[in-house]
Amino acid sequence: MSKISRRAFLKNGAIAVAGLNIMPQISNARSNKSKFTDFFPSKISDIGSYDVVVCGGGPAGFIAAIAAARQGAKTALIEHYGFLGGMATTGYVTPISVFAFNGDLVIGGIPWEFIKRLESLGGAFIEWPKANIDFDIELYKLCTQRMVLEAGVNLFMHSSLIGCETNGDRIGKIYIQNKNGIESLSAKVFVDTTGDGDLAYLAGAPMQSNPDKELQPSSFCFILSNVDTESELLKKCMYHNGINGPSQCLPVREKLLQLKVAGEDIPDFGGPWFNNVLHKGSVAVNITRTATDSCDNRNFTQAECQLREDIFKFKDLLKKNFKEFKDCYVSSCAPQAGIRESRRILGIHTVTADEYVNAFHYTDSISRGIHPIDIHASRGTSQTRIDLKQPAYVPYRALITKELANLVVAGRCISTDRQALASLRVQASCMGTGQAAGAAAALSVTSGKPVQEIDTNALIATLKKWGAVL
């Protein structure tokens, strides 16, 4: 028998939708006696049945949707914002890290096709030998949109995932809310690329435990303009190829730490990192930091308010103390603070730091990773970094759970421990798992098998055909 996820809705005369109470709009709403089940079915619009529905249009999601559609699956992509790109475009997280090791690609296929397409638009600069990707934020949005639509994906933007319906071990449909009202989409297979594991959580998938409640901090990135990007200071740190020294801007860091010791009010910070956005005089700045939980609405709201204050404190500090920034101004703040860590599923296999650092090769390896294990302290200014000596692997089993027969996840909510996540959370790695998730979802549809029973050799062959490096 079907059930609506209790995590999403409450039968109390109102609908609990992502933390918002919406009173039933029916004739006897004033009495507040109508149950949710009396109200909901009559007010929902069923907007389609698909082979694959992908929830979340970030680096993992838009790649997953393209991958599924290219395999012939009728595919829909749901996105909360009015554009795609996730942390790249909503968080201003740049550069895209990391596609190569010693000049050789580690993440290939559709993700690399996207980079070359973006480069052809004048929107990407590839920093070899690591192949970190500096990018133009607006052209990133345009390129993702074009590739998704060209693949034949049905795109539903400005749409928030608010619930799902499960039937035994399968998700039957999801519910979204937008200006058209509450709508439903059904699918044979669903892909969760929300970053926070929202669909998996709503469907009752088991999640990794976090007994110490520790999470990596959020950072609110922003663009500073009228900066002397031709100066020696910026040229040495705003490129992340590993050749010009550390990407962390040490002179600015040391000055800020000195001011803090001297008693000046300096908020917690990371880096700082100044990043190329392909426009002379402008840099993306990654410096703010605060402990927060992106899955707690009130906590995250409070954190973003504090971080926005900190953005302008740091702008003033840079103007006052560095001639390269003396005329700078904040030309743009990211639509939301960046998120390094939140929910992760408890998959059939959990990638451990030991496996990851030692590049353990699984029989079902479907993607790679080469970014350092990079753990930012939730408070203070410290950071733990472990460089990898060789590219690591990710197994397909980390993208699925035992409990749900038609759910695949990708991106930072896959099944890893905290240390492995600290590498796999970056965009290139998310694109790699997204490519595998989309291909696996389509294979589940064509074979008629649950996601746990698909032919992983066939999946790997498809990925290699596209150019994945496995």
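**Entry 1: Ile-370**

I began with the contacts of Ile-370. Leaving out residues up to four places away in sequence, I found that Ile-370 touches Val-98, Ala-100, Phe-101, Val-106, Tyr-356, Leu-388, Gln-390 and Pro-391. I note here that the model is predicted.

Where does Ile-370 lie? I placed Ile-370 in the loop between E18 and strand E19, which covers 373–376. Is Ile-370 buried or exposed? Its relative accessible area is 8%. Buried means under 20%, so Ile-370 is buried.

I then looked at one partner from the contact list, Phe-101. In sequence, Phe-101 and Ile-370 are 269 residues apart. In space, their C-alpha atoms are 6.9 Å apart.

**Entry 2: Ser-159**

Next I looked up Ser-159. I found Ser-159 in the loop between strand E10 (154–156) and strand E11 (160–167). Its relative accessible area is 2%, so I wrote it down as buried.

Which residues does Ser-159 touch, not counting residues up to four places away in sequence? My list reads Ile-78, Glu-79, His-80, Ile-176, Gln-177 and Asn-178.

I also checked Ser-159 against Cys-55. These two are 104 residues apart along the chain. Their C-alpha atoms are separated by 9.8 Å.

**Entry 3: the whole chain**

I stepped back to the chain. How many helices and strands are there in the chain? I noted 12 helices and 22 strands. The radius of gyration is 22 Å, and the globule rule gives 23 Å for 470 residues, so the chain is as compact as a globular protein of that length.

I took the spans of the C-alpha trace too. Along the principal axes they are about 65 × 55 × 45 Å. Of the 470 residues, 58% count as buried.

The accessible surface of the chain comes to about 19100 Å². Carbon and sulfur atoms hold 49% of that surface.

I also looked at contacts between residues at least 6 apart in sequence. Of these, 72% join residues at least 24 apart. The Ile-370 and Phe-101 contact joins residues 269 apart in sequence.

**Entry 4: the cavity**

I searched for enclosed space. A probe the size of a water molecule, rolled over the atoms, shows where empty space is left. How many cavities of 30 Å³ or more does the count give? The count comes to one. The largest cavity holds about 50 Å³ of space.

I listed its lining. Val-106, Ile-107 and Gly-108 are on the list. Ile-366, Ser-367 and Arg-368 are there too. Gly-432 and Gln-435 belong to the lining, as do Ala-468, Val-469 and Leu-470. I had already met Val-106 as a contact of Ile-370.

Which elements each supply at least two residues of this lining? I found strand E18 (365–369) and helix H11 (427–447). E18 gives the most, with three residues. By class, the lining has six nonpolar, four polar and one charged residues.

**Entry 5: helix H3**

I moved to helix H3, residues 110–120. Which of its residues are buried? I wrote down Ile-110, Pro-111, Trp-112, Phe-114, Ile-115 and Leu-118. Just after H3 comes Gly-122, with a positive phi of about 80 degrees.

**Entry 6: positive phi outside glycine**

I noted Tyr-92, which is not a glycine but has a positive phi of about 55 degrees. Tyr-92 sits in the loop between E5 and E6. At 9% relative accessibility, Tyr-92 counts as buried.

I noted Ala-359 as well. Ala-359 is not a glycine, and its phi is positive, about 55 degrees. I placed Ala-359 in the loop between helix H9 (353–357) and E18. Its relative accessible area is 12%, so Ala-359 is buried.

**Entry 7: cis peptide bonds**

My last look-up was cis peptide bonds. The bond from Thr-94 to Pro-95 is cis, with omega near 0 degrees. Pro-95 is in the loop between strand E5 (75–78) and strand E6 (100–101). Tyr-92 has its place in the loop between E5 and E6 too.

I also found a cis bond joining Gly-271 and Pro-272. Its omega is about 5 degrees. Where is Pro-272 found? I located Pro-272 in strand E15, residues 269–276.

Technical notes:
Residues numbered from 1 in each chain as written. Predicted model: local features only at pLDDT ≥ 70, side-chain atom pairs only at ≥ 80, totals over all residues. Heavy atoms only, no water. 1 Å grid on protein atoms, 1.4 Å probe; cavity = no way out; pocket = protein on both sides within 12 Å on 5 of 7 lines; lining within 4 Å. Points joined across faces, edges and corners; volume = space filled by probe spheres on them. Helix = DSSP H or I, 4+ residues; strand = E, 2+ residues; numbered from the N terminus. Nonpolar A, V, L, I, M, F, W, Y, C, P; charged D, E, K, R; others polar. Rg over C-alpha atoms; globule rule 2.2 N^0.38 Å. Buried < 20%, exposed > 50% of the residue type's maximum accessible area, 1.4 Å probe, protein only. Contact = heavy atoms within 4.5 Å. Areas by Shrake-Rupley, 256 points an atom, 1.4 Å probe, with all protein chains shown as cover.
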